[in-house]
Amino acid sequence: MRHILSILLENESGALSRVAGLFSARGYNIESLTVAPTEDPSLSRMTLVTSGSDEVIEQIMKQVNKLIDVVKLVLLTESDHIERELMLVKTQARGEAREEVKRLADIFRARIIDVDAGTYTVEVTGTGQKLDAFLEAVGAANVIEVVRTGLSGIGRGDNALRV
């Protein structure tokens with residue numbers, strides 16, 4: 001089962017590597033990882049996606065909580081949350097394909113952010129399923145390059161990750 005961990009940690013060198021090292025040392029896979037400073041410059045927020053049974057996730061959370069750099073940890077998938085990912089897709093855009101990519105961008109509420117004679121670069125934001133659906137609609141033969149940010153998530157309503 002897929003789980004999203006939201007981790008508040010000290011914004012210091014080595015903090016990311018200690019969390020990632022914990023996962024690799026125990027043979028846990030990280031499917032997605034995003035890290036950036038928060039509104040407090042001394043703290044960073046890490047959003048980490050992994051898979052495993054409830055028991056495995058409980059063990060991961062206990063181990064991560066023991067790390068000195070970790071201030072707070074929340075399992076986002078336990079409550080209502082919002083998750084988004086950003087994807088940049090460079091597509092072939094010649095002839096009829098130009099209109100088709102524009103049409104798909106409109107349908108998926110994406111933005112064409114770069115244009116040249118033979119390609120479009122499209123920015124798509126949404127859930128992982130939406131991004132996957134866009135890629136499927138464009139077709140693998142038309143995709144030149146894909147860059148994805150990884151998932152970012154936040155609790156809905158009053159749910160907040162605070163110290």
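The following paragraphs lead the reader through a predicted model, from a sheet and its helices to a buried residue, the salt bridges and the surface.

A convenient place to begin is the open sheet of four strands, which are arranged in the order β2-β3-β1-β4 with antiparallel pairing. The edges of this sheet are taken by β2 (32-37) and β4 (70-75); each has a single partner strand, so one side of each is left without a neighbour in the sheet. On average, and with direction ignored, neighbouring strands of this sheet are turned by 15 degrees against each other. Within the sheet, strand β1 (residues 2-10) is joined to strand β3 (residues 43-51) by nine bridges in the antiparallel sense. One residue illustrates this pairing: His3 has Thr50, in β3, as its bridge partner. Helix α2 (residues 54-66) lies across β1, β3 and β4, and runs at about 165 degrees to β4.

Further along the chain, Val122 belongs to strand β7 (residues 119-126). Val122 has a relative accessible area of 0% and is therefore buried. Apart from neighbours within four places in sequence, Val122 is in contact with Met87, Leu88, Val89, Val101, Ala105, Ala110, Arg111, Ile112 and Phe134. Among these contacts, Val101 is 21 residues from Val122 in sequence, and their C-alpha atoms are 8.7 Å apart in space.

The discussion now turns to charged side chains. Side chains of opposite charge can pair when their charged atoms come close. In this model the count of salt bridges comes to nine. One of them is formed by Asp69 and Arg18, whose closest N and O atoms are 2.4 Å apart. Because Asp69 lies in the loop between α2 and β4 while Arg18 lies in helix α1, this pair ties together parts that are 51 residues apart in sequence. Asp69 is buried, with a relative accessible area of 5%, whereas Arg18, at 37%, is partly exposed.

A second salt bridge joins the side chains of Glu85 and Arg148, at 2.8 Å from N to O. Glu85 is found in strand β5 (residues 81-92) and Arg148 in strand β8 (residues 143-148), so the pair ties together parts that are 63 residues apart in sequence. Glu85 is buried, its relative accessible area being 12%, while Arg148 counts as partly exposed at 31% relative accessibility. Arg148 also forms a salt bridge with Asp132, with 2.7 Å between the closest N and O atoms. This pair links strand β8, which holds Arg148, with helix α4 (residues 128-138), which holds Asp132; the two residues are 16 residues apart. Asp132 counts as partly exposed, at 42% relative accessibility. Through shared partners, salt bridges join Glu85, Asp132 and Arg148 into one network.

Two features of the surface complete the account. Leu16, Leu33 and Val35 make a nonpolar surface patch of about 210 Å². Of these residues, Leu16 is placed in helix α1 (residues 15-25). With a relative accessibility of 39%, Leu16 counts as partly exposed. The other feature concerns the backbone. Most residues other than glycine have a negative phi. Arg109, however, has a positive phi, near 55 degrees. Arg109 lies in the loop between α3 (96-107) and β6 (111-115), and at 75% relative accessibility Arg109 counts as exposed.

Terms used:
Residues are numbered from 1 along each chain as its sequence is written. This is a predicted model: local features need pLDDT of at least 70, side-chain atom pairs count only at pLDDT 80 or more; totals for chains, interfaces and linings use all residues. Side-chain values use heavy atoms; hydrogens and water are left out. Patches are made of residues with over 30% relative accessible area and no salt bridge: like charges are joined within 9 Å, nonpolar side chains (Val, Leu, Ile, Met, Phe, Trp, Tyr) within 5 Å. Accessible areas come from the Shrake-Rupley method with a 1.4 Å probe; for residues, only the protein chains shown count as cover. A salt bridge is a side-chain nitrogen of Lys or Arg within 4 Å of a carboxyl oxygen of Asp or Glu. Buried means under 20% relative accessible area, exposed over 50%, partly exposed in between (1.4 Å probe, protein chains only). Two strands pair if DSSP finds at least two bridges between them. Axes are lines fitted to C-alpha atoms, for helices over the stretch in contact, and angles run from 0 to 180 degrees between N-to-C directions. Contact means heavy atoms within 4.5 Å.
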